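Reader: I should be grateful for a close examination of a single part of this model, namely one open sheet and how its strands are paired. Please begin, however, with the helix packing, and then proceed to the sheet and to one residue within it.

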Amino acid sequence: MELTPCNHPVQGILRPPSDKSITHRAILFSALARGTVRVAHPLVAEDTLSSRRLVESLGVSVNAGPDEWILTSPGPTGWQSDRAVIDCGNSGTTMRLGMGLLALSASGRTLIGDASLSQRPMERVARPLRQMGIDVETTQGHAPVMVHNRGPYHGLSYSMPMASAQVKSALILAALGARTPSEIIEPYPTRDHTERMLKQMGARIMITADHHIMVEPLDDWQALSLVPFQVPGDPSSGAFWAALAALIPGSSLTLKEISLSPRRIGFFRLLQQMGSRIDIDMVSDREDIGHLTVTHQPLHAVTVTAEQVPDMIDEIPLVALMATQALGDTVISGAEELRVKETDRIQATVINLKQLGAHIEEKEDGMVIHGPTPLHGGSVRSFGDHRMAMMLAVAAAIASSPVILDDVSSVAISYPTFFEQYQHWQQGYAFHD
């Protein structure tokens, strides 16, 4: 796809696609209790459809309407056992949380994925699950992954070597079915949708100030109740438009009804630190939903530390792009988790931004970006990564000549309408909710 430069200010009000992380969890957690639940505004994309396939294989029925899904589950004691192989597509969330979910089942199942997912590390979940007494087999550390609960297992006390919400969530799910309590310790706080949503359903989960998560096992699955979920807009998807608004003079864009969970808006806090104006209008304190407005201001360099990375893990490539236009040297460190995403996002970001003229250095755990540097056109690669493709579309808008992007099909994973809206904006239209 040829992407042409565009300096139209980004203006108006936009509700980004619904939150991918929350949609995944609303679908997967529906299998945990017997009954029917309504999920309003789910994200319908390739990734979340993978989670739908997983719960349907357990016997959950899904009635999908235009903007809500009604899910009816037999509960864990009624899960079907006739589907031994479940395809997780490209979704790491489906596979890793699925490993924790399937640990609750007495039937062995195998999780498979596409070529990209089959390269991502799964021992980080498998190893602690084995410590609990659950039978888990990986394929040289990767998918296919077989999970089989062959009998009662115990809880664990586990210090996670990496800050990963997916690993943490898988262990919490498995801990619900253990015979004894579990303690999971994070090096840094990560997004906490799993803890919040399971507590709403009745799970006994306590979080201490020093990142210890205590999980009490369930004596009876009837202790959990299905509760309706309303999925807000995804701040990670809105971040691409926020970046454009922050980069193009005269821009002011409001992202409507997005998740303002403190663990999800690290990118916006960093934008503010770089000089952008950020205004927040909280609509619901209980659910951390509100509107966020980004207004263009000159940018300056910042330092991103390991402790900050989990709160902007999906947006680090965007941070690097923003830094190419900021005054001074931006240093990003403690971001080695990006090397095991859909692609090695540190390497892919450095290769692509260098191709467009950026002064950027690759480090083992991050990047150093020297700015400001005008970007020019060139040929770039998405590496099959949806967030890389959208970051490069933002870069193309501020380049001095056209950018050729090799493949945009990956955006269907999280934001199927991105390029449709991108072209709408390039034609000079403001966004109107």
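Author: In this predicted model, helices α1 and α6 are oblique to each other. Their axes cross at roughly 40 degrees and come within 10 Å. That angle is not under 35 degrees, the limit for roughly parallel, and it does not fall in the range 65 to 115 that counts as roughly perpendicular, which is why the pair is classed as oblique. The crossing of α1 past α6 is right-handed. Helix α1 spans residues 20-29 and helix α6 spans residues 193-200. On the α1 side, the contact involves S21, I22, R25, A26 and F29; on the α6 side, H193, T194, M197 and L198 take part.

The sheet may now be considered. Its four strands follow the order β2-β15-β17-β16, and the sheet is open, with mixed pairing. The edge positions belong to β2 and β16 (277-284), each of which has a single partner strand, so one side of each lacks a neighbour in the sheet. On average, neighbouring strands of this sheet are turned by 15 degrees against each other, direction ignored.

The pairings can be followed in order across the sheet. Strand β2, residues 11-14, runs parallel to strand β15, residues 252-259, and four bridges connect the two. Within this pairing, G12 has L253 of β15 as its bridge partner. The next pairing, between β15 and strand β17 (residues 289-295), is antiparallel and comprises six bridges. Here T254 is matched with T293 of β17 as its bridge partner. Strands β17 and β16 are likewise joined in the antiparallel sense, over seven bridges. In that pairing, the bridge partner of D281 is H291 in β17.

T293 merits particular attention. This residue lies in strand β17 and has a relative accessible area of 17%. Because this value is under the 20% limit, T293 counts as buried. Besides being bridge partners, T293 and T254 are linked through their side chains by a polar contact of 2.7 Å. Leaving aside residues up to four places away in sequence, T293 touches S252, L253, T254, R277, I278 and D279. Among these contacts, L253 is also the bridge partner of G12, and T254 is the residue that shares the polar contact with T293.

Note on methods. Residues numbered from 1 in each chain as written. Predicted model: local features only at pLDDT ≥ 70, side-chain atom pairs only at ≥ 80, totals over all residues. Heavy atoms only, no water. Pairing = 2+ DSSP bridges. Axes fitted to C-alpha atoms, helices over the stretch in contact; angles between N-to-C directions. Buried < 20%, exposed > 50% of the residue type's maximum accessible area, 1.4 Å probe, protein only. Polar contact = N/O pair within 3.5 Å; in protein donor to acceptor, adjacent residues only side chain to side chain. Contact = heavy atoms within 4.5 Å. Parallel < 35°, antiparallel > 145°, perpendicular 65-115°, else oblique. Left-handed = near helix turned anticlockwise from the far one by under 90°.
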